[in-house]
Amino acid sequence: MMIPVRSMPETWGAVGSAVVTFIFFWDMFRRYCPPELRRYLEKCTTRLSGFLNPYIQISIHEYTGSHLRPHEAYNIVEAYLSVNSTDAKRLKAEMAKENDNKLMLSMDEYEKTTDEFNGVQVKWISGKVSPPPRTGSFSYYPEPDRRYYKLKFHKGYKKMITEAYLEHVITRGREIQARNRQRKLYTNGHSKSYWSHIVFEHPARFETLAMEPEKKEEIMDDLLTFTKSKDYYARIGKAWKRGYLLYGPPGTGKSTMIAAMANLLDYDVYDLELTSVKDNTELRKLLTETTAKSIIVIEDIDCSLDLTGQRKKKEEKPADEKTEKVEKRSSRKEKEESGSKVTLSGLLNFIDGLWSACAGERLIVFTTNYVDKLDPALTRRGRMDKHIELSYCKYEGFKVLAKNYLELEAHPLFQSVEELIQQVQITPADVAENLMPKSAKEGPEQCLRNLICTLEETKNKEITKCSEAKDTETNKDAAAPQEMHTM
């Protein structure tokens, strides 16, 4: 008996008819089936598919919770797959390490790869999902996509995969991370409600800081002791963090000190721009996304919003109504321009409140040019545990800079520099500028002479300034008896 063979158009027509029929009955089912029966059937269908499907999936997302903190496991898996994704066809490349010419390859989004462990094959799948749309003013700054990895394996190997294999992935991933780690500099600038980063490549080291050796040793010992004190902080019931306040005139090396701290401890740096943070909620979100082994920096805290300045007492009043109106207008204008509603209490709550323990092993560093302007609530011990004054350059600091810039450890002109630098106030930045050759013709001796000229000019200016101040006082004293006599 011959079975008639359908032509291609007839076959597609039959398939189309079946699809239309299925859609029709499915629509009728959704419209007229009681909700209770529909939920029961969906539950049964899910159970049946789970019973028939022999595979298990484990998802590892880039962020934990409601996009509060980066998931450490995600980065570890990414590092592991950078070496063990040999059959992936679409890869993305990043620099493996600073000052290195090697690239680190990892799976691109929506790519698959297989891995083998003790004779068992597993499948890794990468993907991403877009966050829900945001309303209001936040809609102008969309959040980045949330990436994830999925591990798929046969349910018969569940115990081995969830115990031995995942432990193997974590161990190997951390080894690869340590080998290829790039320290990063994060910022929230340009009104962003999330962190963006670049590779941190600042060359500053404590050896090159223009500072007294004893003071450098003290700071280094304090930092290294902190990194080894996890158990101590747990025993005394404190979050594993430490606050530093760097203060001194402009040009004394506060930012360079932070870079040297990061290089010494191999920490990432989060440069927090408070004026770009909308309110306390956004500040808390940003700070909870910071990771362990990091330095959170707020530079020039005396210039950040209205967080600084002594709290005004109620009895203190402006000199007159005009002054009061001007101050109110100025304050209102600053708030409107910054658009930020971050408060001092919101910042303090994160520094030493409940949120301070959201990640361990972190330094919180504030810098300021005018420490007297800061609110005592911000600078007290327990919040800013160590206060470091970075002042004008001394002879010991000059010798460090001479070695850095001129490769000199001794020179006949050093004695003149030593005599002058003790008599004037000059910042390390100004000393360094004079020691830096301006052309190929300038040798070390000429650079030293340039510095000596600058020191002498500074000394003469200070003498002139002091003389003028004395003359002013003398004139005032002479005028006082005449005024009394006239009265």
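**A walk through the fold**

H61 sits opposite Y148 in β8; strands here are DSSP E runs of at least two residues, helices are H or I runs of at least four, and both are numbered from the N terminus. Before going further: this is a predicted model, where local features need pLDDT of at least 70, side-chain atom pairs count only at pLDDT 80 or more, and totals for chains, interfaces and linings use all residues. Residues are numbered from 1 along each chain as its sequence is written, and side-chain values use heavy atoms, with hydrogens and water left out.

Back to that strand pair. β1 (residues 55-61) and β8 (residues 146-154) run antiparallel and are joined by seven bridges; two strands count as paired if DSSP finds at least two bridges between them. β8 also pairs with β7 (residues 120-129), again in the antiparallel sense and over seven bridges. In that second pairing, K123 has K152 of β8 as its bridge partner.

Zooming out for a moment, the protein has 15 helices and 15 strands. Of its 487 residues, 34% count as buried, where buried means under 20% relative accessible area, exposed means over 50%, and partly exposed is in between (1.4 Å probe, protein chains only). If you take the contacts (heavy atoms within 4.5 Å) with a separation of 6 or more, 70% of them are between residues 24 or more positions apart.

Helix α3 (residues 72-81) is worth a look next. Eight of its ten residues are buried, so the helix is largely enclosed by the rest of the structure. The buried set is A73, Y74, I76, V77, E78, A79, Y80 and L81. Step into the loop between α3 and β4 (91-95) and you meet S82, which is buried too, at a relative accessible area of 15%. Setting aside neighbours within four places in sequence, S82 is in contact with M104, L105, S106 and I176.

Now for the open sheet of seven strands, ordered β10-β9-β12-β13-β14-β11-β15 with mixed pairing. Its edge strands, each pairing on one side only, are β10 (196-199) and β15 (386-389). Neighbouring strands are turned by 20° against each other on average, direction ignored; axes are lines fitted to C-alpha atoms, for helices over the stretch in contact, and angles run from 0 to 180 degrees between N-to-C directions. Within this sheet, β9 (residues 184-187) runs parallel to β12 (residues 268-271), and three bridges join them. Y186 faces Y270 of β12 across that pairing.

Over in strand β11 you'll find Y247. The C-alpha atoms of Y247 and T367 are separated by 5.7 Å, although the two residues are 120 apart along the chain. Not counting residues up to four places away in sequence, Y247 touches K254, T368, V371, H387, I388, E389 and L390.

What lies across β11 (241-247), β13 (294-298) and β14 (362-368)? That would be helix α10 (residues 344-352), running at about 145° to β14. Its buried residues are L344, G346, L347, L348, F350 and I351, and their cover includes β11, α8, β13, β14 and α11 (376-379). Helix α8 (residues 280-288) holds E282, which counts as buried because its relative accessibility is 7%. A polar atom of the E282 side chain lies 3.4 Å from the backbone nitrogen of K278.

Finally, the empty space. On a 1 Å grid over the protein atoms alone, a cavity is a set of points where a 1.4 Å probe fits but cannot get out, a pocket is an open set with protein on both sides within 12 Å along at least five of seven lines, and lining residues have an atom within 4 Å of a point. Grid points are joined across faces, edges and corners, and a volume is the space filled by probe spheres set on the points. That gives two cavities of 30 Å³ or more, the largest with a volume of about 50 Å³. L272, L287, I296, I298, L347, F350, I351 and I364 line the largest cavity, and α10 supplies the largest share of that lining, three residues.

The largest pocket holds about 1,800 Å³ of space. Of its 50 lining residues, N75, Q177, K184, Y186 and T291 are the closest to its centre. Helix α4 (residues 158-180) gives the most to this lining, with five residues.

How values were computed
Polar contact = N/O pair within 3.5 Å; in protein donor to acceptor, adjacent residues only side chain to side chain.
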